[in-house]
Amino acid sequence: MQAVEVLQKYFGYPSFRPGQEAVIETILSGRDCLAIMPTGAGKSLCFQIPALLLQGLTLVISPLISLMKDQVDALTAQHIPAVYINSQCTLADLKYRLGAIRSGRVRLVYVSPERLQNEFFTNFMQTLPVAQVVVDEAHCVSQWGHDFRPGYGMIKAWVDKLPERPIISAFTATATEKVKTDMLALLGLDKPRIFRGSFDRPNLYFRVVKSQDKLRFVISYLQNHPRESGIIYVATRKEAERVYAEVKSRGYAAGRYHAGLEDEERKRMQEDFSYDRISVMVATNAFGMGIDKSNVRFVIHYQIPGNLESYYQEAGRAGRDGAPSECILLFHRQDVMIQRYLIEQGRYTPEKEKKELYNLQRMVQYGESHGCLRHAILDYFGENVSWQRCERCGNCQEETVEEDRTPELRNICLCIDELKGRFGSTMVCLILAGNATRKVLQYGFEHNAAFGLLADIRAEELRDMVQQAIENGYIRQAAGRYPTLSLTAAGRKLLQGQSRAVPIRRGTGKVNSAHDS
Ligand code: ADP
């Protein structure tokens with residue numbers, strides 16, 4: 001049977017989506033592959049179809065019990081013999097499933113990476129013809145990714161112990177260069193063909209709202225978008241309860257979802273949302289994997305998430321049906337503290353913590369950016385795009401005025417130069433504002449030449465100018481735990497009066513072309 005016949009016969013789809021066929025053919029030709037495709041692209045079929053056509057078993061390594069179950073249920077419904085083996089299986093389940101695998105009836109076996117540590121399971125698999133090992137959510141092998149799983153590190157050694165080397169196919173929706181390098185190095189792929197689908201989602205409208213009064217924004221948004229289905233993501237359970245109560249008390253059909261609720265309530269909420277019995281879901285990031293609702297019209301982030309990957313994944317739950325949808329980030333500097341706290345409480349190794357903080361910093365840059373938001377996202381995912389502005393995101397469409405603020409920027413450079421690369425933007429702003437806090441006094445910075453030089457500028461505006469000076473290449477911001485600032489060569493030239501600064505862009509709060517919200 002041909003791949004396309006399997007697609008039609010078993011899955012009931014007339015044709016492949018872009019990219020699927022090439023991945024399937026690579027696997028069927030016996031070559032390893034790494035497929036980096038966005039959520040919703042249809043990665044599962046890319047290994048499920050080969051599983052039906054290859055001689056031998058396909059082992060799928062998947063990080064989440066709920067995902068495994070969903071996939072196996074879907075396959076079973078399509079009359080494809082598949083089983084999963086995980087810690088929730090009873091002894092009787094296990095016996096039955098192992099028997100079915102041994103009999104050769106089963107095509108796909110789903111396991112968590114930790115199962116590979118089980119000696120009995122390993123010995124069992126060594127006696128079987130394993131044709132394909134699928135590493136689903138392959139980014140979990142990388143500490144740069146947002147859900148690192150140490151168990152993924154064992155896959156390579158485990159595969160090496162099989163009597164015959166299977167084809168390894170790896171799949172992920174995470175596409176940063178750092179993660180990709182790790183996947184290639186750590187999964188033991190042999191001269192893999194690498195596929196990379198575009199991460200652009202043309203129907204999504206991105207915008208960042210620097211709103212002080214978030215609740216007011218949300219309520220007015222809901223008023224203007226009646227009956228539309230949407231998700232409001234918040235950073236903590238407490239916040240989920242609070243925002244949920246506020247939204248509900250105003251008469252909206254809202255639900256809530258976070259890890260502090262009973263399983264039953266979570267299930268009910270998810271179903272109510274899926275079947276449009278409620279339109280707005282207020283949730284933490286616990287609400288996510290496995291949501292396959294196509295008509296989500298907006299995703300509002302009440303606080304920034306910890307990194308751009310999580311952001312794009314969560315925001316990307318909007319508009320799966322291809323219809324125009326909005327992804328709005330409510331950005332407030334103070335929320336960065338929550339994420340920092342979560343990272344610091346995360347009991348990471350120092351190395352991992354540094355990476356997490358770097359990723360957070362990239363997220364903050366998105367929130368503070370004045371450039372094209374779509375470009376920022378695609379650039380983060382390592383996609384080379386030929387344009388600078390999409391002209392259809394909040395930043396591209398906001399009316400801005402340009403102002404020559406060379407004297408102020410020189411003062412910022414002076415301040416940074418005096419601090420000799422030892423402090424970040426918070427201290428720089430305090431000094432320039434002439435704010436003699438305890439910390440400023442402790443270092444004696446009230447005697448610096450830059451102290452109070454920009455006291456007449458509003459704190460927000462000052463921060464924004466520092467940000468733009470970073471974006472425009474006058475200031476370098478260190479990666480990691482302490483994002484300290486130092487001057488670049490261009491910044492030094494500016495400070496020495498040898499150049500004028502690129503004009504500062506200031507949003508007027510108005511939208512250039514008509515956008516209905
Ligand atoms: P991913 O894992 O890349 O996020 P999935 O494998 O879950 O995506 O697929 C997303 C949805 O697209 C599923 O509902 C799947 O059945 C559907 N799908 C996949 N391939 C096709 C296709 N060729 N034609 C139509 N629908 C498809």
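The shell around the ligand comprises five nonpolar, five polar and two charged residues. The model is predicted, and its chain holds 21 helices and 17 strands. An open sheet of six strands with parallel pairing is among its elements. The points below cover the ligand shell, the overall fold, the sheet, two buried elements and one exposed loop residue.

**Ligand surroundings**

- Tyrosine, phenylalanine, arginine and glutamine enter the list of residues around the ligand as Y13, F16, R17 and Q20.
- Further along the chain, the residues around the ligand are M37, T39, G40, A41, G42, K43, S44 and L45.
- Helix α3, spanning residues 43-53, gives the most to this shell, with three residues.

**Overall fold**

- For 517 residues, a compact globule would have a radius of gyration near 24 Å, and the 26 Å of the chain agrees with this.
- The C-alpha trace spans about 80 × 50 × 40 Å along its principal axes.
- Of the 517 residues in the chain, 40% are buried.
- Among contacts with a separation of 6 or more, 73% are between residues 24 or more positions apart.

**The six-stranded sheet**

- The strand order in the open sheet is β8-β13-β12-β9-β11-β10, and the pairing is parallel.
- At the edges stand β8 (204-209) and β10 (254-257), each of which pairs on one side only.
- From one strand to the next, the twist averages 15 degrees.
- In general, the strands of a sheet pair through backbone hydrogen bonds, in either a parallel or an antiparallel manner.
- Strand β13 (residues 325-330) runs parallel to β12 (residues 296-301), and four bridges join the two.
- F298 has E326 of β13 as its bridge partner.
- The parallel pairing of β8 with β13 extends over six bridges.
- Y205 stands opposite E326 in β13.

**Strand β13 in its setting**

- Six of the six residues of β13 are buried, so the strand is largely enclosed by the rest of the structure.
- Both faces of β13 are covered, with S325, C327 and L329 buried on one side.
- On the other side of β13, the buried residues are E326, I328 and L330.
- E326 is thus a buried residue of β13 that is the bridge partner of F298 and stands opposite Y205.

**Helix α12**

- Helix α12 (residues 308-315) is largely enclosed by the rest of the structure, because six of its eight residues are buried.
- The buried residues of α12 are L308, E309, Y311, Y312, E314 and A315.
- An α-helix has 3.6 residues a turn, so residues three or four places apart point the same way.
- The cover over the buried residues of α12 includes the strands β9 (229-233), β12 and β13.
- Helices α14 (350-368) and α15 (373-380) are also included in that cover.

**Loop residue G421**

- G421 lies in the loop between α17 (406-419) and α18 (425-433).
- With 12 other C-beta atoms within 10 Å, G421 is exposed, the cut-off for an exposed residue being 12 or fewer.
- Residues up to four places away in sequence aside, G421 touches T484 and S486.
- G421 and T484 are 63 residues apart along the chain, and their C-alpha atoms are separated by 6.0 Å.

Terms used: Residues numbered from 1 in each chain as written. Predicted model: local features only at pLDDT ≥ 70, side-chain atom pairs only at ≥ 80, totals over all residues. Rg over C-alpha atoms; globule rule 2.2 N^0.38 Å. Buried ≥ 20, exposed ≤ 12 C-beta atoms within 10 Å, placed from the backbone. Contact = placed C-beta atoms within 7 Å. Near = placed C-beta within 6 Å. Nonpolar A, V, L, I, M, F, W, Y, C, P; charged D, E, K, R; others polar. Pairing = 2+ DSSP bridges. Axes fitted to C-alpha atoms, helices over the stretch in contact; angles between N-to-C directions.
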